[in-house]
Each structure stands twice: as structure tokens, then as C-alpha cells.
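Here is a friendly briefing to read alongside the model on your screen. Please have the sequence and the 3D view open as you go.

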Amino acid sequence: MGLSREQMDIIENFYNNRRLENKMKLDDRIQEIYEAIPKIREYDAEISSLAADAARKALSGDSSAKDTLREDIAIVGEKKKAALLSHGYPSDYLDDIYTCRLCRDTGFIHGTPCQCLREQIANTIYSRSELTDVLSRENFDTFNFDYYSDNDIDEASGKSALENIETIVDYCRYFINNFDKTSDNLLFYGKAGTGKTFLINCIAKELIDKSYSVIYLSAVQFFDLLADYSFRRSSNRSVYRQISMKELLSCDLLIVDDLGSEMSNSFTDSALFDCLNERLIHHRSTIISTNLSIDELKNSYSERVFSRAAGEYTAFKIFGDDIRIKKKFNN
């Protein structure tokens with residue numbers, strides 16, 4: 001899932017604290033019951049005595065000691081439940097307490113991550129992401145096809161803006177549903193305001209909710225980060241400046257938004273190629289968005305960068321009216 005060591009430690013501590021808190025709750029219940037029903041303390045002492053006696057018998061070669069102990073404890077256990085019920089307590093009041101009964105607060109069910117662990121991983125990733133507030137607003141539940149006209153026809157494809165975005169959204173859902181089976185890369189291009197970033201955020205939210213690690217960076221942030229690594233510049237406390245090079249290269253999905261908005265030079269071209277190429281080699285997915293056309297991309301970056309983008313990425317042109325302007329005047 002591409003979690004950093006720090007994130008794994010956070011999750012491990014979360015489960016350790018959960019188990020400790022539940023143990024403390026159980027200890028409090030035991031003390032409460034010992035005071036309210038002294039007979040329960042005697043039953044627990046009897047169980048301890050039975051266990052010690054069975055251990056001695058097992059060491060001396062009595063192979064039936066374990067089965068006998070199980071039966072004897074079951075009898076005493078029924079007495080405890082009866083005593084609890086007679087005093088108005090639930091029969092399971094002294095059972096072990098679990099926040100998640102499916103995995104018993106271990107995070108795993110027969111070696112497979114429990115749903116509670118998947119949710120915790122997603123929460124941990126969100127807490128590291130600058131997308132937290134944005135993704136609550138920009139997701140497939142709030143995606144509005146009404147902003148795309150059925151009358152705006154692209155001359156090259158013959159498709160309307162609406163038909164085009166419907167096709168793209170369908171592919172994005174395929175990309176999400178098959179994310180663990182493929183290592184596809186996406187390139188969204190088209191003029192500003194057509195919804196490229198919104199669509200990227202929809203994808204990011206779906207994958208984060210599935211517990212994949214997603215790093216979102218604007219092109220300016222992306223190249224600033226690469227410059228920090230290359231020139232050993234000290235980083236500030238911004239969230240994105242705390243991302244390690246290892247995370248950048250190994251995260252499940254890297255998003256570089258608004259490529260072409262950065263100050264282009266030989267360093268940015270070389271750094272972009274190295275990062276994209278490294279992720280391709282290790283089959284890590286990347287999504288790039290840009291306001292540049294395909295011809296402008298070809299002219300703005302080196303041939304090897306353009307070759308990677310053209311040959312290894314599934315490219316989609318998003319066109320239509322400026323949604324920001326539509327929203328402004330509709331409101």
C-alpha cells in the first residue's frame with residue numbers, strides 16, 4: 001500500500017492504544033463486579049486453580065488434562081454468567097472488550113487486512129495529504145455532467161463535450177477498479193477551467209478510500225521538491241516539503257497537476273524524466289494534467305520526456321466551457 005515507516009508506526013500505535021484502552025475498561029469492570037458480586041472473585045480464583053492443576057497434570061503426562069480443564073472452566077463460566085444475570089448485568093459483561101469484533105483489534109483477519117485497518121490507513125493518508133478539505137467537496141458524488149454541453153463539438157473527434165467527459169469518467173472508474181491489476185498512467189490535457197483538476201481529485205479520493213497511497217503535487221510544488229533533493233536545500237514545514245524522495249517514487253499514485261505552469265529549464269526537464277522513468281520501471285502509476293496541447297507539450301519538453309508521455313500514458317483531451325466562469329455566473 002506504499003505507506004511510509006512513519007505512517008505504519010502511527011497505525012501500529014493506534015491499535016496498541018485501542019487494545020490498551022479496552023483492557024483498562026475491562027479491568028474497571030472486573031473491579032466493579034468484584035465489589036458488587038464477591039462470588040465472581042471466587043469463581044475467577046477457582047478457574048485459576050483449575051488451570052494450575054491442569055498444568056501440573058499435563059507435565060506429569062496426563063494427556064486428558066487439557067480437555068478436562070476446558071470442561072471444568074465451561075461449568076464455572078456458566079455459574080459466572082448466571083450470577084451476572086441475577087444481579088442485572090449482561091452475561092457477557094466480563095468478556096474481552098473489542099472495538100472491532102471482526103479482527104479483535106488486531107487489524108487482520110486470517111492475515112488479510114480488516115475493514116477497520118483499511119479505514120485507518122485511509123485516515124492516516126488523508127491526515128498527511130493537503131487534499132483533505134478539497135476531496136470532501138470534489139469527488140464523484142459531486143461531479144456534475146451538466147457543465148458539459150451536448151452542442152460543443154470537437155472537430156478532431158466529432159464528439160460533444162458531454163459525450164467526451166462521459167467516456168473519460170467511465171475510463172477513470174475502470175482505472176480505479178483495476179488499479180491493483182494494472183499500472184496505467186493518465187494524461188489529461190486541455191484548456192484551463194474544463195475540470196481536469198476536479199476529475200483528478202475524484203480519482204484521488206476513490207483510491208485513498210481504498211487505502212492506496214496518493215501524493216498530489218502541483219507542478220510548481222513537484223519541481224520545488226525535486227530541487228530540494230537535488231541541491232540539498234533545507235525544507236520548510238509545508239506538508240508537501242516533508243515528502244521523502246522514496247515516497248515520491250514508490251507511492252501507489254503520483255499526481256502532478258498543471259504541468260507547464262513551472263519555470264521550465266534543463267533541470268526541470270531532466271528531473272521530470274528521471275522521476276517519470278523511475279516510476280514506469282517499477283510499475284507505479286502517475287497522473288499528469290496540463291493546460292498545454294499535445295503540440296505545446298512536444299515543444300516545451302525534451303523528446304525523451306514527450307516520448308514517455310505519448311507512449312506510456314493514456315491521454316484524454318478534456319474540452320468545453322470554462323466551468324469556473326459558469327459557476328460564477330450561475331451563482
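The largest pocket has a volume of about 410 Å³ in this predicted model. Its lining is made by 20 residues, and those nearest its centre are G195, K196, T197, F198 and R324. From there, the points below move on to a cavity, a helix pair, the sheet and a second helix pair.

**The largest pocket**

- Which elements give two or more residues to the lining of the largest pocket? They are α7 (196-209), β5 (253-259) and α13 (323-330).
- By class, the lining of the largest pocket holds six nonpolar, eight polar and six charged residues.

**The second largest cavity**

- Two cavities of 30 Å³ or more are found in the structure, and the second largest cavity encloses about 60 Å³ of space.
- If you would like to find the second largest cavity on screen, select its lining residues: L187, L259, L272, L276, I288, L297, Y301, V305, F306 and A309.
- What is the make-up of the lining of the second largest cavity by class? Ten residues are nonpolar, with no polar and no charged residues.
- Two helices, α10 (266-281) and α12 (303-312), each supply at least two residues of this lining, and α12 gives the most, with three residues.

**How α10 meets α12**

- Two packed helices are described by the angle between their axes and the distance between the axes.
- For α10 and α12, the axes come within 9 Å and cross at roughly 35°, and the crossing is left-handed.
- On the α10 side, the contact is made by D269, S270, L272, F273, N277 and L280, while α12 brings R304, V305, R308 and E312.
- The residues of this contact of α10 with α12 comprise four nonpolar, two polar and four charged.
- Two names are worth a second look: L272 and V305 take part in the contact, and L272 and V305 also line the second largest cavity.

**The sheet**

- An open sheet is formed by five strands with parallel pairing, in the order β4-β5-β6-β3-β7.
- Which strands are at the edges? The edge strands are β4 (214-218) and β7 (314-317), each of which pairs on one side only.
- From one strand to the next, the twist averages 15°.
- Inside the sheet order, β3 (residues 186-189) runs parallel to β6 (residues 285-290), and four bridges join the two strands.
- One residue pair to look for is Y189 with T290, its bridge partner in β6.
- Strand β5 ties two topics together: β5 belongs to the sheet and also gives two or more residues to the lining of the largest pocket.

**How α1 meets α2**

- How do the axes of helix α1 (residues 5-36) and helix α2 (residues 38-59) cross, and within what distance do they come? They cross at roughly 115° and come within 4 Å.
- At this contact, I33, Y34, E35 and A36 of α1 meet P38, I40, R41 and D44 of α2.
- The contact of α1 with α2 involves five nonpolar, no polar and three charged residues.

How values were computed. Residues are numbered from 1 along each chain as its sequence is written. This is a predicted model: local features need pLDDT of at least 70, side-chain atom pairs count only at pLDDT 80 or more; totals for chains, interfaces and linings use all residues. Side-chain values use heavy atoms; hydrogens and water are left out. On a 1 Å grid over the protein atoms alone, a cavity is a set of points where a 1.4 Å probe fits but cannot get out, and a pocket is an open set with protein on both sides within 12 Å along at least five of seven lines; lining residues have an atom within 4 Å of a point. Grid points are joined across faces, edges and corners, and a volume is the space filled by probe spheres set on the points. Ala, Val, Leu, Ile, Met, Phe, Trp, Tyr, Cys and Pro count as nonpolar, Asp, Glu, Lys and Arg as charged, and the others, Gly among them, as polar. Axes are lines fitted to C-alpha atoms, for helices over the stretch in contact, and angles run from 0 to 180 degrees between N-to-C directions. A crossing is left-handed if the near helix is turned anticlockwise from the far one by less than a right angle, and right-handed if clockwise. Contact means heavy atoms within 4.5 Å. Two strands pair if DSSP finds at least two bridges between them.
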